Amino acid sequence: MLKVGVVGATGYAGEEVIKILVRHKGVKITELSAVIDKEEPISSIFPAFKGLLDLMCYKPDPEKMSGNVDIVFLALPHKVSMNVAPVFLKAKKSVIDLSADYRLDQDVYKIWYGIEHKDKGNIASAVYGLPELYHDRIKDAKLIANPGCYPTGAILGIAPMLSAKAIDKGSIIIDSKSGVTGAGRKPDLALSFSEVNENLKAYKVNEHQHKPEINKILSQVAGENIDVIFTPHLIPMNRGILSTIYMKLNKPLDTKGVIDMYRKFYSGRPFVRIYDEGKLPQIRDVVFSNYCDIGLKVTGNTLIAVACIDNLKKGAAGQAVQNMNIMAGLDETEGLI
Ligand SMILES: NC(=O)c1ccc[n+]([C@@H]2O[C@H](COP(=O)([O-])OP(=O)(O)OC[C@H]3O[C@@H](n4cnc5c(N)ncnc54)[C@H](OP(=O)(O)O)[C@@H]3O)[C@@H](O)[C@H]2O)c1
């Protein structure tokens, strides 16, 4: 039985990782930690775990924790993970980092996150944890850079077309709408109920920190530089991201032909579902699940792809567990269906 730890256990993503792992057949949770005032059982912090998991949640002590885990999930804010991951890696433990700290090259990281990276030595060995594109590399990875929530749906909605060189590479526009848990649990006036409720707003228009991550991975898929237009929006919902993606076709294709291309591209990938012609996914189809659902429509020479995920599952904790399953040689879907 794999011994697993969660650092940042009291955040939204950490809580979600624990929720999946308590029902997972191949692992035992042995260590939990978070920045907390008082060390107490996780079932006192989250009563939903009463009778399921009464393990103590300690203040962070990565050296001590690394002695009692085989693999650790870091559900920490960016700029924090890069101080913690090297401790586990040095102790020869596998790390799945849910933050952005290992997703970008060091120069790009400095531009978008505003500080010098503190663990440059481990960036090159990090594997981007999007199993639908990097399954074979994830199998042998010791450090996973788990993808961001917006990039997961956006990349999955675009990759088949770039891989087939079937769109104009300069034409990609991503319009994404996210529920409020996407911003984490920490207090923030802009995220308070009366600011968000009955409202819809765009933010960080084409300057969100997930844009360079989307560009990096799509450029790898395309084999050439990709620069998307990306506008995120905040909607008054707890969970879920719906991305509407516009792409100009560079060859004549109809909706049925595009659906066939996407189904072929994701054949054998258990968590991507391509809808039939005339059907489009909604957030309620994927919420609390690890699926990314994609609907497609061609109109004139424009392809519109609608991709939906749950930000805390396929966009964070579910995908992290999917990566753990692949790394550990377990069934990729264990604990997730
Ligand atoms: N939310 C999402 O939908 C989503 C999706 C994809 C990726 N992610 C990424 O996952 C990570 C966690 O996100 P989240 O939404 O769970 O955030 P969150 O709710 O704010 O939780 C962050 C966790 O980290 C702990 N923490 C904060 N500063 C720390 C420090 N210096 N040392 C140790 N622990 C510290 C927090 O403890 P306290 O609360 O006690 O300070 C909390 O347990 C972030 O990097 C985020 O970008 C989130």
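**Two sheets, a kinked helix and a scatter of salt bridges**

Ile173, Ile229 and Tyr246 come together as a nonpolar patch on the surface, and their combined accessible area is about 240 Å². The model is a predicted one, and this patch is a handy place to start. Tyr246 belongs to strand E12, which covers residues 241-248. Its relative accessibility is 34%, so Tyr246 counts as partly exposed.

E12 pairs with strand E9 (residues 173-178) in the antiparallel sense, over six bridges. One of the contacts puts Asp175 opposite its bridge partner Thr244 in E12. Both strands sit in an open sheet of seven, running E10-E11-E9-E12-E15-E14-E13 with mixed pairing. At the edges stand E10 (201-202) and E13 (272-274); each has a single partner strand, so one side of each lacks a neighbour in the sheet.

Beyond edge strand E10, the loop that leads to helix H10 (211-222) holds Lys204, and Asn206 is found in that loop between E10 and H10 as well. Lys204 is not a glycine, yet its phi is positive, at about 40°. Asn206 also has a positive phi, near 55°, again in a residue other than glycine. As for exposure, Lys204 has 39% relative accessibility and so counts as partly exposed. Asn206, at 25%, counts as partly exposed too.

The other sheet to look at is an open one of eight strands, in the order E3-E4-E2-E1-E5-E6-E8-E7, and here too the pairing is mixed. Its edge strands are E3 (40-41) and E7 (127-128), each of which pairs on one side only. Strand E5 (residues 71-74) is covered on both faces: Ile71 and Phe73 on one side, and Val72 and Leu74 on the other, are all buried. That arrangement fits a simple rule, since side chains in a regular strand alternate between the two faces of the sheet.

E5 has parallel pairings to describe. Strand E1 (residues 2-7) pairs with E5 in the parallel sense over four bridges, and Val7 has Leu74 of E5 as its bridge partner. E5 also pairs with strand E6 (residues 94-97), in the parallel sense and over four bridges; there, Phe73 stands opposite Ile96 in E6. Out at the edge, E7 and strand E8 (residues 143-145) are parallel as well, with two bridges between them. In that pair, Tyr128 has Ala145 of E8 as its bridge partner.

Turning to the helices, H8 (residues 149-163) has 15 residues, which at 1.5 Å a residue should span 21 Å; the C-alpha atoms at its ends are 21 Å apart, so the two values agree. H8 nevertheless has a kink of about 35°, centred on Ile155. Of its 15 residues, 14 are buried, so H8 is largely enclosed by the rest of the structure. Just after H8 comes Lys165, with a positive phi of about 50°.

Helix H1 (residues 12-21) contains Glu15. With a relative accessibility of 15%, Glu15 counts as buried. Its C-alpha atom is 8.7 Å from that of Ala317, although Glu15 and Ala317 are 302 residues apart along the chain.

Lastly, the charged side chains. A search of the whole structure turns up 16 salt bridges. In one of them, Glu40 meets Lys38, with the closest N and O atoms 3.6 Å apart. Glu40 counts as partly exposed at 22% relative accessibility, whereas Lys38 is exposed, with a relative accessible area of 54%.

Helices supply further examples. Asp136 and Lys139 form a salt bridge at 3.8 Å, N to O; both lie in helix H7 (residues 131-139), three residues apart, or about one turn of the helix. Asp136 is exposed at 54% relative accessibility, while Lys139, with a relative accessible area of 41%, is partly exposed. In helix H11 (residues 255-265), Asp260 and Lys256 are four residues apart, again about one turn of the helix. These spacings make sense, because an α-helix has 3.6 residues a turn and residues three or four places apart point the same way. Asp260 and Lys256 form a salt bridge, and their closest N and O atoms are 3.3 Å apart. Asp260 is partly exposed, with a relative accessible area of 40%. Elsewhere, Glu16, Arg239, Asp310 and Lys313 are joined into one network by salt bridges that share partners.

Note on methods:
Residues numbered from 1 in each chain as written. Predicted model: local features only at pLDDT ≥ 70, side-chain atom pairs only at ≥ 80, totals over all residues. Heavy atoms only, no water. Expected span 1.5 Å × (residues − 1). Bend = angle between axes of the 7 residues up to and from the residue. Buried < 20%, exposed > 50% of the residue type's maximum accessible area, 1.4 Å probe, protein only. Patch = residues over 30% accessible without salt bridge, like charges linked within 9 Å, V, L, I, M, F, W, Y side chains within 5 Å. Areas by Shrake-Rupley, 256 points an atom, 1.4 Å probe, with all protein chains shown as cover. Salt bridge = Lys/Arg side-chain N within 4 Å of Asp/Glu carboxyl O. Pairing = 2+ DSSP bridges.
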